[in-house]
Amino acid sequence: MDFALNEDQQLLRQEIIAFAKKHLNDGIEERDQNQTFPRELWRKCGEMGLPGLCVPEAHGGAGLDPLSTALALEAFGYGCRDGGLVFSVCAHLLACVVPIVKFGNDEQKAQYLPKLASGDWIAVNAMSEPGSGSDAFAMTTRAVEDGDGFRIRGTKTFSSNGPVADVAVLYAVTAPDRGYHGGISAFLVDKENGFEVGQKFDKMGLRTAPLSELVFDDVWVPRSALLGRLGAGGNMFNESMEWERTCIAAAHVGTMQWLLETATTYTRTRQAFGQAVAKFQAVSHRLVDFKVRLETARLLTYKAASRLGKARDVGLDASMVKLYVSESLVTSAMDAVRVMGGYGYMKEYEVERVLRDSVSSVLYSGTSEIQKTIIAGWMGL
């Protein structure tokens with residue numbers, strides 16, 4: 001299987017890296033400390049096409065295939081030092097825009113995709129609840145038919161982009177007796193329809209990515225807000241997670257590449273006992289392990305991305321990628337801090353922020369334990 005980048009993909013990678021380095025990295029220390037979401041930088045990402053990578057060109061997007069989308073996000077993760085902004089764009093694109101591209105009708109695509117692809121609007125995925133994170137079967141948010149529409153009641157939590165979102169891709173129970181497959185539906189709910197931002201969360205990492213509760217207190221939406229078929233929300237969410245688990249891992253691969261280059265450069269120039277730190281086997285072997293993890297992560301990610309929308313068992317690939325790459329990111333960030341010693345612990349060298357940001361990667365889009373359970377299911381265990 002050949003994953004060599006073609007000329008267009010190479011150019012796209014170079015352009016995104018150059019764009020991110022030029023426009024997105026200044027002031028990140030202050031934004032991280034103050035938990036400031038950079039709306040103006042989001043708009044710049046929109047001008048670059050990042051929020052609409054896989055949106056068809058007819059609706060204002062770049063029209064990229066899944067593998068090219070993953071390659072673009074890898075470049076984004078490599079060039080942009082604002083991990084929160086990278087995560088916010090990924091959450092918007094993969095968990096919200098993808099379901100509209102895949103399951104929206106013509107009117108919904110025409111109404112939402114141009115604004116979401118351009119960066120004019122920001123989307124939030126409204127799935128997790130206080131009592132139903134990994135356990136989606138415990139969802140309590142209800143959407144009850146009311147006239148020519150639905151009345152929605154419930155609270156969502158850990159909603160990425162919630163405080164700044166213009167539209168929510170909301171999952172709610174419409175048929176409690178039918179379970180996850182058949183009983184959950186998805187809706188497009190505009191902020192102007194009345195959902196409220198609840199508690200905002202103070203986080204360890206990804207501090208520039210806003211996170212909050214969303215409260216749907218007797219919110220009425222017309223039937224045209226239904227995304228896809230009634231009762232198909234569970235399957236739609238699963239497909240969006242295949243995209244998210246795979247393509248957000250691509251951004252992590254880019255971050256790992258930056259970490260390895262940063263740590264390697266440091267160990268080549270840092271002197272101890274009359275020689276470069278890199279000459280000590282304890283250091284060089286740690287970096288070798290890092291390199292093997294990185295290349296393994298990249299190959300797993302490319303394979304899964306190349307199979308999105310084509311293979312029935314791509315959910316297995318996506319879960320393996322999510323498990324391996326997220327755990328590898330945390331290990332690699334810790335290794336970068338270790339080989340850089342006290343300097344790695346200092347904010348000015350930036351790897352400490354990547355370490356803080358990396359911890360959440362083993363939690364969102366399904367914890368590592370959930371991924372193992374999914375993989376075990378595919379194995380018939």
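Biologist: Which side chain does Arg31 meet in a salt bridge?

Modeller: Good place to start, and keep in mind that this is a predicted model. To read a salt bridge, look for a side-chain nitrogen of Lys or Arg within 4 Å of a carboxyl oxygen of Asp or Glu. Here the side chain of Arg31 meets that of Asp82, at 3.0 Å from N to O. Arg31 sits in helix H2 (residues 28-34), while Asp82 is in the loop between H4 and helix H5 (83-103). The two are 51 residues apart, and the pair links distant parts of the chain.

Biologist: Are Arg31 and Asp82 buried or exposed?

Modeller: Buried means under 20% relative accessible area. Arg31 is buried at 9%, and Asp82 is buried at 1%.

Biologist: How many salt bridges does the count come to?

Modeller: The count comes to 19 salt bridges. Another one to look at joins Glu129 and Lys156, at 2.9 Å from N to O. Glu129 lies in the loop between E1 and strand E2 (142-145) and Lys156 in strand E3 (residues 149-160), so this pair ties together parts that are 27 residues apart in sequence. Both Glu129 and Lys156 are buried.

Biologist: And what about Asp218 and Arg151, how do their side chains meet?

Modeller: They meet in a salt bridge as well, with 3.7 Å from N to O. Because Asp218 lies in strand E7 and Arg151 in strand E3, the pair ties together parts that are 67 residues apart in sequence. Asp218 is partly exposed at 34% relative accessible area, and Arg151 is partly exposed at 23%. Salt bridges can also share partners: Glu74, Lys291, Glu295 and Arg298 are joined that way into one network.

Biologist: Let's turn to the nonpolar interior. How many residues does the largest nonpolar core have?

Modeller: A core is read by following buried nonpolar residues whose side-chain atoms lie within 4.5 Å of one another. The largest has 98 residues, and those with the most contacts inside it are Leu24, Leu73, Phe76 and Leu259. Helix H8 (residues 233-269) gives the most to this core, with 16 residues. Apart from this core lies another, of 18 residues, including Val124, Phe150, Ala165 and Val189.

Biologist: Which residues does Leu73 touch?

Modeller: Leaving out residues up to four places away in sequence, Leu73 touches Leu53, Cys90, Leu93, Leu94, Cys247, Ala250 and Ala251.

Biologist: I see cysteines in that list. How many disulfides does a search of the whole structure find?

Modeller: The search finds zero. The test is whether two cysteine sulfur atoms come within 2.5 Å. For Cys96, the closest cysteine sulfur is in Cys54 at 12 Å, so a bond is ruled out by distance. Cys247 is in no disulfide either; its nearest cysteine sulfur, also that of Cys54, is 7.5 Å away. Cys96 is buried, with 0% relative accessibility, and Cys247 is buried with 0% too.

Biologist: Where is Trp121 found?

Modeller: Look in the loop between helix H6 (106-118) and strand E1 (123-126). Trp121 is buried, at 19% relative accessible area; the cut-off for that class is under 20%. Beyond four places in sequence, Trp121 touches Trp42, His92, Tyr112, Lys115, Leu116, Asp166, Val167 and Asp190.

Biologist: I'd like to try a polar residue. Is Ser212 buried or exposed?

Modeller: Ser212, in strand E7 (residues 211-222), is buried at 0% relative accessibility. Its contacts beyond four places in sequence include Lys156, Phe158, Pro163, Val197 and Phe201. For a second serine, try Ser68 in helix H4 (residues 66-79). Ser68 is buried at 6% relative accessible area and touches Gln9 and Leu12, again leaving out residues up to four places away.

Biologist: Finally, the outside. Which residues make the nonpolar surface patch of about 430 Å²?

Modeller: A surface patch is read from nonpolar side chains that keep accessible area. This one is made by Tyr343, Tyr345, Met346 and Tyr349. Tyr345 is in helix H10 (residues 314-345) and is exposed, with a relative accessible area of 63%.

Key:
Residues are numbered from 1 along each chain as its sequence is written. This is a predicted model: local features need pLDDT of at least 70, side-chain atom pairs count only at pLDDT 80 or more; totals for chains, interfaces and linings use all residues. Side-chain values use heavy atoms; hydrogens and water are left out. Buried means under 20% relative accessible area, exposed over 50%, partly exposed in between (1.4 Å probe, protein chains only). Helices (H or I, at least four residues) and strands (E, at least two) are DSSP runs, numbered from the N terminus. Contact means heavy atoms within 4.5 Å. Patches are made of residues with over 30% relative accessible area and no salt bridge: like charges are joined within 9 Å, nonpolar side chains (Val, Leu, Ile, Met, Phe, Trp, Tyr) within 5 Å. Accessible areas come from the Shrake-Rupley method with a 1.4 Å probe; for residues, only the protein chains shown count as cover.
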